[in-house]
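Reader: I'm new to this one. Could you take me through one helix up close, and what it touches?

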Amino acid sequence: MIVTQSEFTAGILDPNRPAPEGVRDGAGAPTTKRFDVYRNNVAVSLTDALVSAFPVVHKLVGDEFFRAMAGVYLRTHLPDTALMMYYGDKMPKFLRRFGPAQSLPYLPDVAALEIAMRESYHAADAAPVSAEVLGQIAPDALMAATLTLSPAVRIVQSSHPIYAMWQFNMVADAPKPTKRAENVLITRPQFDPAQHLITDADALFLTALQEGHALGVALSKAGPGLDLGAVLGLLLRQGAITKIS
Amino acid sequence: MFDAPQYTLPAKPGVGYKPQHYSEITAQPGPLGWLEVHAENYMGDGGRPIAQLRHLSEQFPISVHGVGLSIGGEGRLDPDHLARLKHLVGWLNPASFSEHLAWSTHDSHFLNDLLPLPYTAATVTRVADHIDEVQEVLGRKMLLENPSSYLAFAESDMSETDFLREVVARTGCGLLLDVNNVFVSATNLGYTPQGYIDNYPLDQVGEIHLGGHDEDHDDHGAPLLIDSHGREVADPVWALLDYTLERAGAKPLLIEWDTDVPEWPILAAEVARAAAALELVPA
């Protein structure tokens with residue numbers, strides 16, 4: 001009557017399965033309710049991890065919907081590490097296919113923004129370069145320079161108002177979102193990630209920098225309409241450039 | 001046997017660290033002598049958690065308590081997780097590292113709970129081999145914590161205390177005695193908690209845990225206690241602590257409160273009660 005960990009795990013994940021035959025209460029009798037404690041612990045702890053990872057998605061759909069959805073997610077996407085701070089990284093893709101969420105087409109992008117905020121919070125520390133260092137580079141040399149962005153920088157593009165939706169749900173007195181496309185730049189000046197609404201050209205430019213392209217190449221990828229001075233100023237003020245080479 | 005430099009926590013009260021208590025703990029520690037953190041919460045690359053832990057370690061001895069190594073797992077230990085643990089223990093150089101007699105990972109899936117294992121000759125070997133590996137990689141002795149049990153296994157043929165004794169004998173590891181877990185398991189499985197303490201190798205204890213539990217009932221209406229870490233330590237658990245300290249002498253005592261975490265003054269009252277229990281221990 002050996003209970004393998006495969007059998008125990010299968011029983012935990014499927015509430016309709018009977019408890020493994022070899023589990024006993026203190027008197028040696030078979031027991032279901034005692035096994036249910038572990039079933040419950042696993043489901044609740046993983047669901048709670050998702051609730052704390054996605055506070056805005058949770059608010060948007062409500063607790064009952066979120067927990068039902070989390071129950072489906074956790075059974076198809078068990079964590080592959082013990083680092084709960086990264087659990088839920090497949091949520092945007094999951095939500096794109098999750099039937100009951102199809103009437104909320106912005107949900108996957110809101111989830112992506114929440115993941116990006118959390119990644120930024122835990123990203124490696126890196127000392128920023130100052131505006132003076134950038135100012136010392138000759139204008140023609142500047143176009144060939146590569147600007148390394150901080151490991152805490154994230155760019156999230158969306159055809160939905162994800163910035164306004166995040167603010168509206170997390171910041172007191174933030175205005176109601178209006179229907180439009182929004183892109184968000186996340187920086188982390190010290191410990192707290194900060195969001196900045198950016199244009200399509202900014203997003204293309206910053207993504208090109210993140211991919212390691214030289215400034216001139218990133219500029220051409222951004223296309224017309226990029227305010228280079230403004231975006232560089234923002235990056236410098238936020239301590240988001242960590243190396244110029 | 002594992003031979004390495006000894007690290008020890010002071011025989012004072014400690015708490016499981018929660019970031020919301022940062023200012024109060026650092027400004028007015030009172031009788032608080034050390035802090036415990038969950039290893040996995042400090043395995044990110046940087047940012048506030050790491051900076052805060054570095055800062056706290058300048059003021060307090062730190063105990064690193066792992067919840068994700070799956071020492072009782074049938075499979076091999078996750079080498080990536082072990083490497084992250086080595087990195088954390090390396091830069092922090094904590095006063096203690098401890099983990100659980102439990103498993104949480106199966107087929108590379110992490111279940112985020114401390115799951116039980118049967119106590120047999122085969123599982124002693126499995127657990128001892130895993131502890132040997134951990135101590136070898138970390139270059140230090142670890143403490144192994146007794147679980148809260150809600151069920152037993154038909155295949156078990158040794159007691160938990162005999163199991164722990166055997167693992168200590170084979171690996172040279174120390175023990176983390178959770179007296180709330182003893183009380184919960186004893187109630188759930190029908191033995192006396194004092195009897196457990198009488199059979200437990202108290203000379204190996206490097207740390208004691210105290211936490212709150214919830215009360216429920218099983219299929220037959222028998223009491224079923226749940227280790228919730230969400231409330232004050234129950235009175236009979238404090239009494240079991242006194243019973244233990246009388247026999248073991250003063251030990252580092254940790255208050256664990258992980259869910260529905262209260263304001264600092266409520267936790268500070270538990271710390272004061274632990275300090276009072278230590279004062280009763282004969283020198």
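Author: Here's a close look at helix H2 of chain A and its surroundings. First, this is a predicted model, where local features need pLDDT of at least 70, side-chain atom pairs count only at pLDDT 80 or more, and totals for chains, interfaces and linings use all residues. Residues are numbered from 1 along each chain as its sequence is written, while chains are lettered from A and ligands numbered from 1 in the order in which they are written.

H2(A) covers residues 33-53; helices here are DSSP runs (H or I, at least four residues) and strands are too (E, at least two), numbered from the N terminus. Its axis comes within 9 Å of that of H4(A), residues 63-76, and the two cross at roughly 115 degrees. Axes are lines fitted to C-alpha atoms, for helices over the stretch in contact, with angles from 0 to 180 degrees between N-to-C directions. That makes H2(A) roughly perpendicular to H4(A) (65 to 115 degrees counts as that). On the H2(A) side, the contact includes A:Ala43, A:Leu46 and A:Leu50, and on the H4(A) side, A:Phe66 and A:Arg67 are among the residues. Contact means C-beta atoms, placed from the backbone, within 7 Å.

Now for the partner chain: 41 residues of chain A are in contact with 34 residues of chain B. H2(A) gives the most to the side of chain A that touches chain B, with 10 residues. Helix H1, strand E1 and helix H6 of chain A also supply at least two residues each. As for scores, the model has ipTM 0.94 and pTM 0.95.

Terms used
Parallel < 35°, antiparallel > 145°, perpendicular 65-115°, else oblique. Contact = placed C-beta atoms within 7 Å.
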